[in-house]
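Me: Got a minute to walk through this one with me? I'll paste it here.

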Amino acid sequence: MKVWPIARNTFRECVRDKVLYNLVIFAVLIIVSSLILGTITIGDVKQIIINLGLSTISLFGVFIAIFIGIQLVYKEIDKKTVYSLLSKPVARHEFILGKFIGLSITLAVNVAVMILGVYGAVLYLRHSFQAQDSQILLAGILILVELMLVIAIALLFSTFSTPALSALFTFSLYIIGHFNSDIREYGASSESWMTKVVASTTYYLLPNFGNFDIISRTAHGQFISSRVYMLSAAYGLVYSLGLVLVAIWIFQKRDFK
Amino acid sequence: MQQVVILAKGLSKTYRTGFWKTKPVLALDSLSLEVFENEIFGCLGPNGAGKSTTLKLLMSLIYPTAGYAEILGKSVASIEARRLIGYLPESPYFYEYLTAEEFLTYYGSLFGYSKSELKSRVARLLKLTDVFHARKLQLRKFSKGMLQRVGIAQAIINDPKVVFLDEPMSGLDPIGRREIRDLILQLKAEGKTIFFSTHILNDVETLCDRIAILNRGKLIGSGALNKLFAQDVSHIEVVVSGISPEKLRGLVGVEIPVTTNGSTSRLSLSAQAGLTEIIAGIERASGKIVSVNPARQTMEDYFLKLVGKPERQLNPKG
């Protein structure tokens, strides 16, 4: 299996391209926020720091997933590195899988370090942990699954499109995906059967990013059942896998002129 | 009977261009060729002749519209075929953020070697291609010649039976070209078969056992070098001094061309012309014979003659 060396090299490329430098910005943001919040005694500062931390993890992650994801395959073709790589005993599907896993690992490291940062800030502000704080970790895992879905979308576009168009498509899908349940509700309330069909097709076909929207509930310390975590994670992973398979199918047929 | 290492039969590639991909462009037109074991085979042609297309088809980087190709009896599309070969793409850009050592280790790991095996292979290749001193340097800091040598190192990391090199000498200075040439000869000495494309005729003359000439996607000539160029003398060049050009023309007749450069004159005699009589005549007229050179058809003459007439079809078996 040649997936692992390719994934490892993709990770190394991200590190050398200084992708993980965003951690420094995150660290500064969390430290400064914690220090400021530490001086405030009114209101739930813990809720604010968790909300801020998780939202930043998601935002930074989406930017990395899109801007590195759209270049994953395109750069290898553009810089002609794919010629020598694919002349080795590497199947094309192994290449795509390796690229996907490599960037997923990069983001996993990124999210893990940031989650540790959020725990550090919570400890600084509250001096102890509560039982529901374990939900921060679960939220982090779900954010990672969401980011993997974004990578899969960007990767799919990068197998046949230019980086600019891929970024546009991926970002559009990410935005639409957040309003997906609104589209379904709109369809359900409409009386036109056409609108109903279009709305429900859109709902089931496009990724539903609303499934991963648990940041505010986590910050408020609301109980989230394990079923929600499991179903959301399964949805994201299955959807990502489907997109990666389509990306492989397109990449298999490509000529490298 | 020599073993056929590379076999192509009716290999064709048509690209579709335009917005709707409807306009066909024929990049390679039913190419058939055989390359034998342990020979250096040159694929020659002007820019856009189909050399890179041929190599990419053999690497299965593009798919043929018609025909098929095999390497050592295995389809070029198979992973097994790629275990037995090495490939240096045209003007390669490798991962510039990797050091030479990391890069070769990465490519070596795609063959599934153990760590210790990989380490010794990489060290051996870094020494062989003379980049060992720069092994810890990122490839972005490498000169073109060094990159080309690293490129050859990655192509032979698996000790392949067949090595494909796409324009390995292009853009290199004379020293760089000499180094690559020596490396290619060393690979042949190790028993490998080398298939390379080039438009530098001198490299073909000094390196190749057999060649194929492509022009506008068609094979227009192929065979062993010594069979392709007439070994017979095409004309004899005589350089003379101490005699005026007018006198010389009067001596040899109007049908023999005479060119003058300062005090020397140059005669271009056909092989049948009476060389002995002409020399005797010049000496009688107190002229001095500076040199007598039998001239053979050069690679360049042959190439230009063929490429100038793309419709000419030679026997592809050579």
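**Sheet, helices and interface**

Me: Let's start in chain B. How many bridges join strand 6 to strand 7 there, and do they run parallel or antiparallel?
Reply: Happy to help, and bear in mind that this is a predicted model. Strand 6 and strand 7 (residues 162–166) of chain B run parallel, joined by four bridges. Within that pairing, Gly86(B) sits opposite Val163(B) of strand 7.

Me: Which helix packs on the sheet there, touching strand 6 and strand 7 of chain B?
Reply: Helix 5 of chain B, residues 144–155, and its direction makes about 160 degrees with that of strand 6.

Me: What's the order of the strands in the whole sheet?
Reply: In chain B the order is 6-7-8-3-9-10, an open sheet of six strands with mixed pairing. Strand 6 (85–88) and strand 10 (218–224) of chain B are at the edges with a single partner strand each, so one side of each has no neighbour in the sheet. From one strand to the next, the twist averages 15 degrees.

Me: Switching topic: how big is the area buried between chain A and chain B?
Reply: About 2900 Å², with 55% of that from carbon and sulfur atoms. Chain A puts 29 residues into the contact and chain B puts in 32 residues.

Me: And how many salt bridges are found across the interface?
Reply: Four between chain A and chain B. One salt bridge pairs the side chains of Lys79(A) and Glu96(B), at 3.7 Å from N to O.

Me: Which helix of chain A gives the largest share of the side touching chain B?
Reply: Helix 1 of chain A, with seven residues.

Key:
Residues numbered from 1 in each chain as written. Chains lettered and ligands numbered in written order. Predicted model: local features only at pLDDT ≥ 70, side-chain atom pairs only at ≥ 80, totals over all residues. Heavy atoms only, no water. Pairing = 2+ DSSP bridges. Helix = DSSP H or I, 4+ residues; strand = E, 2+ residues; numbered from the N terminus. Axes fitted to C-alpha atoms, helices over the stretch in contact; angles between N-to-C directions. Contact = heavy atoms within 4.5 Å. Buried area = accessible area lost by both parts, 1.4 Å probe.
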